[in-house]
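Me: Please take a close look at a single helix in this structure and walk me through how it sits against its surroundings. I would like one connected account rather than a list.

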Amino acid sequence: MPASRRLFVLLLFTCLGAFAHAGPLRIVTDPWAPYVFVENGQARGLDYDASVEVFKRLGVEVHWDFMPWKRCLIEMENGQADAVLDIFMTEERRPRLHFADEPLSSAEFVLFYDRARAYPFNRLTDLQGLKVGTSPGYWYSDSDFSTSELFTREPAP
């Protein structure tokens, strides 16, 4: 191949490379301590720090956006975000999202109550007749909790 033609091909690939280069990866997440949260204006957390390090080693530029969980899901659904940090794999989400083979972390769900109005409980039947606040769009792994008719679940963003 003549030198002028090689130069043309090299310039063509250089230009195409510039067009093919995407902007930073946009990851959305809902603050969820201790995995990801903002403290004194600085993003932190176990999963956040691990993710930042992995992307740094891969040379991938990332833009992080913190927002309410339901908005994270909507932005992923609409293609406005590239990934969600700390999303549980469910059968409903599997067809639309790609999940890593190995989770970044694991979590347990707990119930909180106001110290001023302590309400000790040990099992679901202890919650009978109560309203329990849940995070909209979150997946609760305990099917008994998710389907129980003993208490009312109320979205509490």
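Reply:

**A close look at helix H2**

In this predicted model, the buried residues of helix H2 are Asp47, Tyr48 and Ser51. Viewed down the axis of H2, these buried residues fall within an arc of 95°, so they line one face of the helix. That arrangement fits a general rule: an α-helix has 3.6 residues a turn, so residues three or four places apart point the same way. On the other side of H2, by contrast, Leu46, Lys56 and Arg57 are exposed.

As for the helix itself, H2 covers residues 46–58, which makes 13 residues, and it reaches 19 Å from its first C-alpha to its last, close to the 18 Å expected at 1.5 Å a residue. Just after H2 comes glycine 59, which takes a positive phi of about 75°.

The buried residues of H2 are covered by elements that include strand E3 (42–44) and strand E4 (62–66). One of these buried residues, Tyr48, also belongs to the largest nonpolar core, a set of 23 residues in which Val28, Tyr48, Trp69, Val84 and Leu85 touch the most other members. The elements that give two or more residues to this core are strand E1 (25–29) and helix H3 (69–77), and H3 gives the most, with three residues.

Val28 can be followed a little further: leaving aside residues up to four places away in sequence, valine 28 touches Asp65, Met67, Cys72, Glu75, Ala81, Ala83, Val84 and Leu85. Among these contacts of valine 28, Val84 and Leu85 are themselves core members that touch the most others.

Definitions and conventions:
Residues numbered from 1 in each chain as written. Predicted model: local features only at pLDDT ≥ 70, side-chain atom pairs only at ≥ 80, totals over all residues. Heavy atoms only, no water. Helix = DSSP H or I, 4+ residues; strand = E, 2+ residues; numbered from the N terminus. Expected span 1.5 Å × (residues − 1). Buried < 20%, exposed > 50% of the residue type's maximum accessible area, 1.4 Å probe, protein only. Arc of directions from axis to C-beta. Contact = heavy atoms within 4.5 Å. Core = buried A, V, L, I, M, F, W, Y, C linked by side-chain atoms within 4.5 Å.
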